[in-house]
Amino acid sequence: MTDPNARKLRTDAARNRDQVLATAVALFTERGDEVQMADVARAAGVGVGTIYRHFPTRRALIEAAAEQRFAGILEHVRRACLPNPDTRQALAGFLSHVAEVHEHGRALSGTIESVLGDTEPRGTVRDDLAELGAELLARGRADGSIRADATVADLYMLVGAVATISRDGFGDWRRFIELALAGLRP
C-alpha cells in the first residue's frame, strides 16, 4: 500500500506511474489474472524497467490497483453519500456503488483475490471507509432510520456480501440491498 515515507516523485515519473497504474487496471478489468508485467508495459507504451521501478513486483502493482479501487469507493461515499440527508438513501447509494464497482470489474476482483487472498480494503482506506460507515450509522441511529444496535461490523458484512453477490453473479444485488436495509430498520 501507499508508503507515507516515500519521497515525492518527479512530475514525469508520477505521470508514468499513473499511466502504468491506469493501464494495469484497464487490462486486469478486461483480461483478469492472465495479465503480466510485460503486457502492462506494452499497453502503457513504457519499458518493463519503468513498471518495475514503480511496482517492484506484480503483487505491488495489484495492491496499487486494489488501493485505487477502494480510494474511488471512498471518494464516492464522501462526495455522493455523506451529503445526502436521507441516511437510508445514503447507505443504499454506498452499497449500490460497491455493487456496481464489483459487477463491472469482475476480472479485476478475481485478480485481486487470487494475488492478495481477498478483496478487502487495507490500510488507511479501510480505516477511512469504516469511519464514514460509522458516521452514516450514527446519523441513522440519531434520526431513527437505523436500528440502535447496528455496528460498523454489520455494515462491513453487508458491504462484503453485496460485493460478493455482484462480483460472482449470485443473485440480484439490488434486491439484496433492499432486504439488507429493511433489516437495519429499528
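Val98 touches Ile73, Val159, Val162, Ala163 and Ser166, leaving aside residues up to four places away in sequence; a contact here means heavy atoms within 4.5 Å. Val98 is found in helix α5, and with a relative accessible area of 2% it is buried (buried is under 20% relative accessible area, exposed is over 50%, partly exposed is in between, with a 1.4 Å probe and protein chains only). Keep in mind that this is a predicted model, where local features need pLDDT of at least 70, side-chain atom pairs count only at pLDDT 80 or more, and totals for chains, interfaces and linings use all residues. Residues are numbered from 1 along each chain as its sequence is written, and side-chain values use heavy atoms, with hydrogens and water left out.

**The chain as a whole**

- The chain has nine helices and zero strands; both are DSSP runs numbered from the N terminus, helices being H or I with at least four residues and strands E with at least two.
- Read along the sequence, the pattern is simply α-α-α-α-α-α-α-α-α.
- Along the principal axes, the C-alpha atoms fill a box of roughly 55 × 35 × 25 Å.
- Of the 186 residues, 42% count as buried.
- Take the contacts between residues at least 6 apart in sequence: 69% of them join residues at least 24 apart.
- The accessible surface comes to about 9,700 Å², and 52% of that belongs to carbon and sulfur atoms; the areas come from the Shrake-Rupley method with a 1.4 Å probe, and for residues only the protein chains shown count as cover.
- On the charge side, there are 24 positive and 26 negative charges, and their mean positions are 3 Å apart. Lys and Arg count as positive and Asp and Glu as negative, while His and the chain ends are not counted; each charge is placed at NZ of Lys, CZ of Arg, CG of Asp or CD of Glu.

**Helix α5, home of Val98 and His102**

- The 18 residues of α5 should span 26 Å at 1.5 Å a residue, and its end C-alpha atoms are indeed 26 Å apart; the expected span is 1.5 Å times one less than the number of residues.
- Buried in α5 are Thr87, Arg88, Ala90, Leu91, Phe94, Leu95, His97, Val98, Ala99 and His102.
- What covers those buried residues includes α4, α6, α7 (123-143), α8 and α9 (173-183).
- His102 is found in α5 as well, and at 2% relative accessibility it counts as buried.
- Leaving out residues up to four places away in sequence, His102 touches Arg69, Ser109, Thr119, Ala163, Ser166 and Arg167.
- Two spacings for your distance checks: the C-alpha atoms of Val98 and Gly117 are 19 residues apart along the chain and separated by 19 Å, while His102 and Asp149 are 47 residues apart in sequence and 28 Å apart in space, C-alpha to C-alpha.

**Helix α6**

- In α6 (residues 106-116), Leu108, Ser109, Thr111, Ile112, Val115 and Leu116 are buried.
- Seen down the axis of α6, these buried residues fall within an arc of 160°, so they line one face of the helix; the arc is that of the directions from the helix axis to the C-beta atoms.
- The buried residues of α6 pack against α1 (11-31), α4 (58-81), α5 (87-104) and α8 (152-168).
- Gly117 follows α6, and its phi is positive, near 95°.

**Helix α7 and Arg139**

- α7 has 21 residues and reaches 31 Å from its first C-alpha to its last, close to the 30 Å expected at 1.5 Å a residue.
- Its buried residues are Val125, Leu129, Leu132, Gly133, Leu136, Leu137 and Gly140.
- They cover an arc of only 135° around the axis, which puts them on the same side of α7.
- The face turned away from that buried side carries the exposed residues Thr124, Glu131 and Ala142.
- The partners that the buried residues of α7 pack against are α4, α5 and α8.
- Arg139 lies in α7 and, at 24% relative accessibility, counts as partly exposed.
- Not counting residues up to four places away in sequence, Arg139 touches Cys81, Leu82, Asn84, Pro85, Asp86, Thr87 and Ala90.
- Arg139 and Ser114 are 25 residues apart in sequence and 37 Å apart in space, C-alpha to C-alpha.
- After α7 comes Gly144, whose phi is positive, near 80°.
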